[in-house]
Every structure is written in C-alpha cells, then in structure tokens.
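User: I am new to this structure and would like a close look at a single part of it, the helix that begins the chain. Please take me through what surrounds that part, step by step.

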Amino acid sequence: MPSAVSARDPGLQPERTRLAWRRTTLSCTVAAVLAAKQALRQGSSPLALVAVALSGLVWLGFLAVAHRRIQTLSHGVRPRMLGVRSAAAAALCTVALACFALATLF
C-alpha cells in the first residue's frame, strides 16, 4: 500500500500555483523591460544606466526564486512550503520592480 505522502492526489492546485508564478514572472519581465526602455529613452546618463542595471538584477533575482518554486511544484509529491527567505526575496523583488516602474512615470 502506498504511503500517504506519495499517494497524494494534488488536483489542480499545483498547476494553478505554477501558472501564477509564471504570470508574475511575466509581469516582472514587462515591468523591467518598460523601466529599461523609459530610462534609455530619456538618455544614456549614468543614472539611467544604473537604473537599468538594478532593474535587470532585481528581475534576475525574482526569476531565480520563481524558477526554483516552479521546479518544486513540477514534481508529483507534495511540495515543501515556500521558505521565509524565498518569500521575502520574491516580495522584495516585486516591490523593487514596482518602484522602478513608478520611477519611470515621474
């Protein structure tokens, strides 16, 4: 008889969560690209280049966290809970990209 952990019927929850991570990654990608486009449109000043570089680094950080979580959800067994450090990193990257997006408006 299979154990309770391996016999888990996950339903569609892991798929929905995986799709949510992908949508959030896509949103972060759009925010980073628009921030870079706006910064470079206003001129290639050193401040604009630093903003583009920071936006890219934050995007890469979020992409790493999201990719790790998507891979964890892809297995058929019950995934581990998202760690505090990973959750904090994802939240920090999201807030930073939102700030970069707001900064491009003003």
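Analyst: What follows sets out the overall fold and then turns to helix H1 and its surroundings.

This is a predicted model, and its chain has three helices and zero strands, so that from the N terminus on the elements run α-α-α. Of the 106 residues of the chain, 24% count as buried, and the chain exposes about 7,500 Å², of which carbon and sulfur atoms supply 69%. Among contacts between residues at least 6 apart in sequence, 73% join residues at least 24 apart.

Helix H1 covers residues 13-41, with H2 at 46-73 and H3 at 84-105. The axes of H1 and H2 come within 9 Å and cross at roughly 170 degrees; because an angle over 145 degrees counts as roughly antiparallel, H1 is described as roughly antiparallel to H2. Where H1 meets H2, the residues of the contact divide into 18 nonpolar, five polar and three charged.

Three residues help to show the surroundings in detail, beginning with arginine 18, which is found in helix H1. Arginine 18 has 18% relative accessibility, and it counts as buried because the cut-off is under 20%. Leaving aside neighbours within four places in sequence, arginine 18 is in contact with Ile70, Leu73 and Ser74.

Tryptophan 21 comes next, and, again not counting residues up to four places away in sequence, it touches Phe62, Val65, Ala66, Arg69, Ile70, Leu73, Leu82 and Ala90. Trp21 is also named, along with Val58, Phe62, Ala90 and Leu97, among the residues with the most contacts inside the largest nonpolar core, which has 13 residues. Helices H1, H2 and H3 each supply at least two residues of this core, and H2 gives the most, with six residues. As a general background, nonpolar side chains in soluble globular proteins tend to be buried together.

Alanine 32, the last of the three, lies in helix H1 as well, and with 10% relative accessibility alanine 32 counts as buried. Apart from residues up to four places away in sequence, alanine 32 touches Ser55, Trp59 and Leu97, and of these Leu97 is one of the residues named for the most contacts inside the largest nonpolar core. The C-alpha atoms of alanine 32 and valine 52 are separated by 8.0 Å, although the two residues are 20 residues apart along the chain.

Technical notes:
Residues are numbered from 1 along each chain as its sequence is written. This is a predicted model: local features need pLDDT of at least 70, side-chain atom pairs count only at pLDDT 80 or more; totals for chains, interfaces and linings use all residues. Side-chain values use heavy atoms; hydrogens and water are left out. A nonpolar core is a set of buried Ala, Val, Leu, Ile, Met, Phe, Trp, Tyr and Cys residues joined through side-chain atoms within 4.5 Å. Buried means under 20% relative accessible area, exposed over 50%, partly exposed in between (1.4 Å probe, protein chains only). Helices (H or I, at least four residues) and strands (E, at least two) are DSSP runs, numbered from the N terminus. Contact means heavy atoms within 4.5 Å. Accessible areas come from the Shrake-Rupley method with a 1.4 Å probe; for residues, only the protein chains shown count as cover. Axes are lines fitted to C-alpha atoms, for helices over the stretch in contact, and angles run from 0 to 180 degrees between N-to-C directions. Angles under 35 degrees count as roughly parallel, over 145 as roughly antiparallel, 65 to 115 as roughly perpendicular and the rest as oblique. Ala, Val, Leu, Ile, Met, Phe, Trp, Tyr, Cys and Pro count as nonpolar, Asp, Glu, Lys and Arg as charged, and the others, Gly among them, as polar.
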